[in-house]
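Please open the structure in your viewer and keep the selection tool at hand. This tour goes from stop to stop, saying at each one what to select and what can be found there.

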Amino acid sequence: MMNFGEDMESNVDFHIKDEADRLLEEIELVKKNVENSEFYSGMHLDLKQNKTIQRHFFRLLGSHSHVQVVMYGLGSIEYSFSSQFQLAVALLLKRDFFNWIGNIEIYDPCLSPADIIVFEKLGLKVLTIDENCKRRVQKPTMFYMPYPHCYLIGNLLGANWSSSCLSKIYLLTNSFCSTLSDMPRTSQLLETVLRLERILHFTAEIDIKTSDDKMYADVFSGFAWHFFDVDPNIHIDIDKPGCYWLDMQRHLEEEFLEYMEKDIMTSMLFAEFLGDHRGPRRLRCNEVSPPPGWIKLNIYGIGTKGDQPGQYSGIFHDEKGKCFDRYRGDIDVEDNVIAGLEALKIGFAGCVEGRPNAQKLIVESDNVILVHYANGLLEPNETTMHMLKEIFYLLKRITCAVYHIYEEMKLLETWLQEVNVLIVHR
């Protein structure tokens, strides 16, 4: 009877090698099962007969004789049966299509010592550096990524975001269409979302059918081939510098304005969103009219400095951008943030009392620290906390979004309002 305690610890090398030998036997059995499966038979037939797949393969190979295969996210075959079946597919493809599939490289942070021995015996090159799926290709390359984390797809696309690189790669992984529809639009995944949205227009996605067998349906559900048709002479916008930056700007702006039109949004939800997202430059630099039903409040505060007293002010705009009310006052504080919070409090109090009757309010301030406090991002000191308690109490009575604009924008708006006042009084 084997001793699984002290004996294993004292003979580590033996047990790792023994486990590797047993895994090799298991992989051979799994390969035979996969080879005889309806799933692999359909996959094999597609590669032999599907004209769309063959057209893309020939285009991608060009003058090269073979494609490099890189496997990311396989997991550990020592601890996962799913990983064993997914590995078997790669091994069978290399065996059956040796005329165009070249060397296989593999990386996963979960690989065990026994995994590494098995892969090396199977002729796979184990990568020792975590590329984080950011390999920039130099030659035709197939990336095999079984159920990767969504952001890794974004990393791979980002590293090869040009027509010259994308035309050299294809992916065997989860359906881009399904991934995009199921992916939450969190800040961590936003790059992946934007890249998938743009690349889908240039992607030939060919589904791989699974069989009725539950195991194959679970392990390979949603797998698809992905080829990129990005002829630089036709689809030049992929190569435009800064297109991702512009996409991010548009996305954040549209998302922010979309939220404003949803009745489910509360001041707390807006604070969570604006406390996490810095927001698009266009909203910080340009006058953007609020959506129907919203009123905009521009606030300003500056502390005492020498003989100059502290001041605060606020200007209300309707949804057409027209100023219809304002207020101002003096305050004996040196801190600009405190002066600005006084302006915020006075504005909120007026709205709660119906002066004006604003149930949905956009607040703009050029003081980024004030905005952080209002959105709960920073922990306030005692003085600031006292004012915020009053502000947060008033916030429960209305729906409000507080965001940051640049000082130049604030000065421009203030100047325009002063001009309008002079014109009206004339």
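Begin by selecting Asn132, which has a relative accessible area of 28% and is therefore partly exposed, since that class takes in values between 20% and 50%. This residue sits in the loop between β3 and β4, and its phi is near 55 degrees, a positive value in a residue other than glycine. Please keep in mind throughout that you are looking at a predicted model.

Now select Cys133, which is likewise found in the loop between β3 and β4. Is Cys133 buried or exposed? With a relative accessible area of 4%, Cys133 is buried, because that word applies to values under 20%. The phi of Cys133 is near 60 degrees, again a positive value in a residue other than glycine. Such values deserve a look because most residues other than glycine have a negative phi.

Next, select the sheet to which the strands on either side of this loop belong: an open sheet of seven strands in the order β3-β2-β1-β4-β5-β7-β6, with mixed pairing. Strands β3 (125–126) and β6 (203–207) stand at its edges, and each has a single partner strand, so one side of each is left without a neighbour in the sheet.

Within this sheet, colour strand β5 (residues 169–174) and strand β7 (residues 223–228), which run antiparallel and are joined by five bridges. If you pick Thr173, you can look for its bridge partner in β7, which is Ala224.

Which helices should be shown together with the sheet? One of them is helix α4 (residues 51–61), which lies across β1 (67–72), β4 (141–145), β5, β6 and β7, and runs at about 50 degrees to β7. Another is helix α7 (residues 150–159), which packs on the sheet and touches β4, β5 and β7, while its direction makes about 170 degrees with that of β4.

Move on to Pro356, whose place is in the loop between α15 (336–352) and β11 (360–365). Select Arg355 together with Pro356, and look at the peptide bond that joins them, which is cis, with omega at about 0 degrees. This bond is worth a pause because most peptide bonds are trans.

The next stop is Thr399, in strand β12 (residues 399–404). Thr399 is buried, with a relative accessible area of 19%, a value that falls in this class because the cut-off is under 20%. Which residues are in contact with Thr399, once its neighbours within four places in sequence are left aside? They are Met265, Thr266, Ser267, Phe270, Trp294, Gln359, Lys360 and Leu361.

For a stop at the surface, select Val368, Ile369, Leu377 and Leu378, which make a nonpolar surface patch of about 280 Å². Of these residues, Leu378 has its place in the loop between α16 (368–374) and α17 (382–395), and it counts as partly exposed at 35% relative accessibility.

Finally, zoom out until the whole protein chain is in view, with its 18 helices and 12 strands. Of its 426 residues, 48% count as buried, and the chain exposes about 22,500 Å², of which carbon and sulfur atoms supply 53%. Among contacts between residues at least 6 apart in sequence, 71% join residues at least 24 apart.

Definitions and conventions: Residues numbered from 1 in each chain as written. Predicted model: local features only at pLDDT ≥ 70, side-chain atom pairs only at ≥ 80, totals over all residues. Heavy atoms only, no water. Patch = residues over 30% accessible without salt bridge, like charges linked within 9 Å, V, L, I, M, F, W, Y side chains within 5 Å. Areas by Shrake-Rupley, 256 points an atom, 1.4 Å probe, with all protein chains shown as cover. Salt bridge = Lys/Arg side-chain N within 4 Å of Asp/Glu carboxyl O. Helix = DSSP H or I, 4+ residues; strand = E, 2+ residues; numbered from the N terminus. Buried < 20%, exposed > 50% of the residue type's maximum accessible area, 1.4 Å probe, protein only. Contact = heavy atoms within 4.5 Å. Pairing = 2+ DSSP bridges. Axes fitted to C-alpha atoms, helices over the stretch in contact; angles between N-to-C directions.
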